[in-house]
Amino acid sequence: MKKDKAQNSGQNIYKENENVLLNFLRCLIILEKTLERIARQNYYKRSQYPELFIQIEQAICIARAWIMSHKIFSGFPIFQTLLAVFIKGITDKVAVLIETSRPAKGKKAKKNNFRARQQEQLYKSVDSMIGHLIEFKDKIQIFEEPMSDEIEEALIKSFKKDCLKEYKKRRKDLVSQRGEKTYIFPWKDPAEYLVLVADTKQFRIEVINKLGDHAHATGHKPDCKCQKNYKMRGFRSIPRKTYIPGGEKQEFPIRMAECLSCGQLFSLLPSFLPREKNFSIDIIGQVLRDIVLFAESINGVLENMKYLCGKEIKSKQTIFNWLKWMGTHHPATLLTRAGVTSSGYFQEDEGFEKEPGLRTYSVVMVEPQTMTVWHIDYTDHVDEETLTCSFEEFVKKIDFKVLGVAKDRWEPATNALKNVFHGVWIGFCHLHCLKKMSKALSAYQKETQCSDKEKSRLYKKFKKVLKTAASAASMKAKLKSLDDEAFEHPLLKSRVNELKENAVRYTSHKSRNGITTTTSMADNFLKIIKRKLRQVGSFKDKDCAKLFFKATANIRNFVPFLSGAKNAHKSPFMLAGGETYDLPWMQVMNMHNAFLFTPNAF
Ligand SMILES: [Zn+2]
């Protein structure tokens, strides 16, 4: 008797499990049919399908594949729960798709209540099946197998790997292509944004109508004759969740716009949100600035994060990723992208730092008037060939002519500059020259025991020639006034000869206004790099160092100088006439698409 009952219930359970399995598959079919209907109602061809459509399609495909390969476990409650949750998730997405799909030109628009009915029906049919399952969940018994715990664990593992991870990965592929289909608009404040985004009319006035002014050119369909006119097109299916300063993670709905001429959809991101990062852009900015300009250590930064946004970051990798992000673009690329140009006059210098086991040279070119860093590179040599390569990379990224460069006497660099920038004027740094003279005088004093007064007199005489000569010819003439016997001494004579030899270079600032007589701006910037290199000891590899150098240059260009400085509250970028939209520096960078990495975006 007892045995019979057990057998009966065993058969029931088997039937029930088969029903559950069929119901899951039916759910997927319903979802698929709904997708087909949405496509038929709104679009003519696949290329018009929104991103969410493709996402859902893939999710269904993944779920079905998993069911088929794991169906013998359909009796396990965990099998059913995992799938029920996943399918419910897909259903929600389809509902959003119904809500946001708008017909392509020529397709008839559906009324709102039609869409509401469609959603309702979908939920009803899915609920009736998954609801049925959940109803039975308590009643379903499974064969008590000694292995069941392990099987459950294995099922969860497989589900995570084959379903969730796979889905996430495919979604990410879609997302990374999205950069160029995202427009950033100037909007500083998160709280005010939440008000704006809820107000359709205001959003149209503040954002949509002004979109043509700061939308970058790509992302449209190939045949688009873009008039830079857009209309509102609902919200992204997934809002952005972002840590903001002084607060918790917050959710920001993201609106979309459609190009009136090609129908391409664009996401509209306020400037305080970065593309593809979980932290508000101002938090990332503060961390990077502290590390690069204020010599904060990585550990110190990790500590500060707790106070900055209430969120602890455990891994240094996050910070390194941010640095990498900041250093992806060459400074000239960003400045050019932001519409800034240069006078064409620069200071060039190389810094040298010994790292354990390797030598690091940094090469920089800074525009002295604005202090913008236009070129930065990492090289393991500073010979003519290496430097020529480095400058060639730079010249590819600019749309102006390099007219003049102030530098020290290092000949390989002079030759490299002349190789790359044709007809460039080169001026030698007076400070370097005077320093050498000063050193020579000290050696001379040691040898001849001359008085300090005499030493100082000789220095002043030499300096006067350097400073007052108006041309190469006048310098040569003035050098003749250095007729003291002291200047005949080999130590000093070599200095005088050097001046004579390079008279053109030491006086080029007289004929070319933009050339400076020192390289102080380049030196100042190199100091920042040196200090950081010393602090961290070494970078892992060449690429890592290169990224760091570029990140440092980009940060230096966009962060305003501190109060008390000569150009307090102004950044080099601002001094160069860059547009800031009245935003914090990191948002300024975001506005100018500093974090847009899709190739050919400009
Ligand atoms: Zn278009």
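Trainee: Which residue in strand 11 is the bridge partner of Gly-404?

Mentor: In this predicted model, strand 10 covers residues 404-407 and is joined to strand 11 by four bridges, with the two strands running parallel. Gly-404 therefore belongs to strand 10, since that strand holds residues 404-407. Its bridge partner in strand 11 is Trp-425.

Trainee: What handedness does the β-α-β unit have that holds strand 10 and strand 11?

Mentor: Strands of a sheet pair through backbone hydrogen bonds, either parallel or antiparallel. Here strand 10 and strand 11 run parallel, and helix 14, made of residues 411-420, belongs to the unit together with these two strands. The β-α-β unit that they make is right-handed.

Trainee: Are the residues on the two faces of strand 11 buried or exposed?

Mentor: Strand 11 spans residues 425-428, with Trp-425 and Gly-427 on one side and Ile-426 and Phe-428 on the other. A residue counts as buried if 20 or more other C-beta atoms lie within 10 Å of its own. Both faces of the strand are covered, and these four residues are all buried.

Trainee: Which strands are the edge strands of the open sheet with the order 1-6-5-2?

Mentor: This open sheet has four strands and mixed pairing, and its neighbouring strands are turned by 35° against each other on average, direction ignored. An edge strand pairs on one side only, and the edge strands here are strand 1 (182-185) and strand 2 (230-235).

Trainee: Which residue of strand 5 stands opposite Met-232?

Mentor: Strand 2 pairs with strand 5, residues 255-259, in the antiparallel sense and over four bridges. Strand 2 runs over 230-235, and Met-232 stands opposite a residue of strand 5, namely Ala-257.

Trainee: Why are helix 9 and helix 11 called roughly perpendicular?

Mentor: The axes of helix 9 (residues 281-292) and helix 11 (residues 316-326) come within 10 Å. Angles of 65 to 115 degrees count as roughly perpendicular. Helix 9 and helix 11 are therefore roughly perpendicular to each other, as their axes cross at roughly 90°.

Trainee: How many nonpolar residues does the contact of helix 9 with helix 11 have?

Mentor: On the side of helix 9 the contact involves Ile-284, Val-287 and Leu-288, which meet Ile-319, Trp-322, Leu-323 and Met-326 in helix 11. The contact has no polar and no charged residues, and the number of nonpolar residues is seven.

Trainee: How many charged residues are in the contact of helix 9 with helix 21?

Mentor: The axes of helix 9 and helix 21 (residues 542-558) come within 10 Å and cross at roughly 110°, and that makes helix 9 roughly perpendicular to helix 21. The contact is formed by Leu-288, Arg-289 and Val-292 of helix 9 together with Ala-551, Thr-552 and Ile-555 of helix 21. By class, four of these residues are nonpolar and one is polar, while the number of charged residues is one.

Trainee: Is His-569 buried or exposed?

Mentor: His-569 lies in the loop between helix 21 and helix 22 (572-575), and its phi is positive, about 65°, although this residue is not a glycine. A residue with 12 or fewer other C-beta atoms within 10 Å counts as exposed. His-569 has 10 such atoms within 10 Å, so this residue is exposed.

Key. Residues numbered from 1 in each chain as written. Predicted model: local features only at pLDDT ≥ 70, side-chain atom pairs only at ≥ 80, totals over all residues. Axes fitted to C-alpha atoms, helices over the stretch in contact; angles between N-to-C directions. Parallel < 35°, antiparallel > 145°, perpendicular 65-115°, else oblique. Contact = placed C-beta atoms within 7 Å. Nonpolar A, V, L, I, M, F, W, Y, C, P; charged D, E, K, R; others polar. Pairing = 2+ DSSP bridges. Right-handed = clockwise from strand over helix to strand, strands pointing away.
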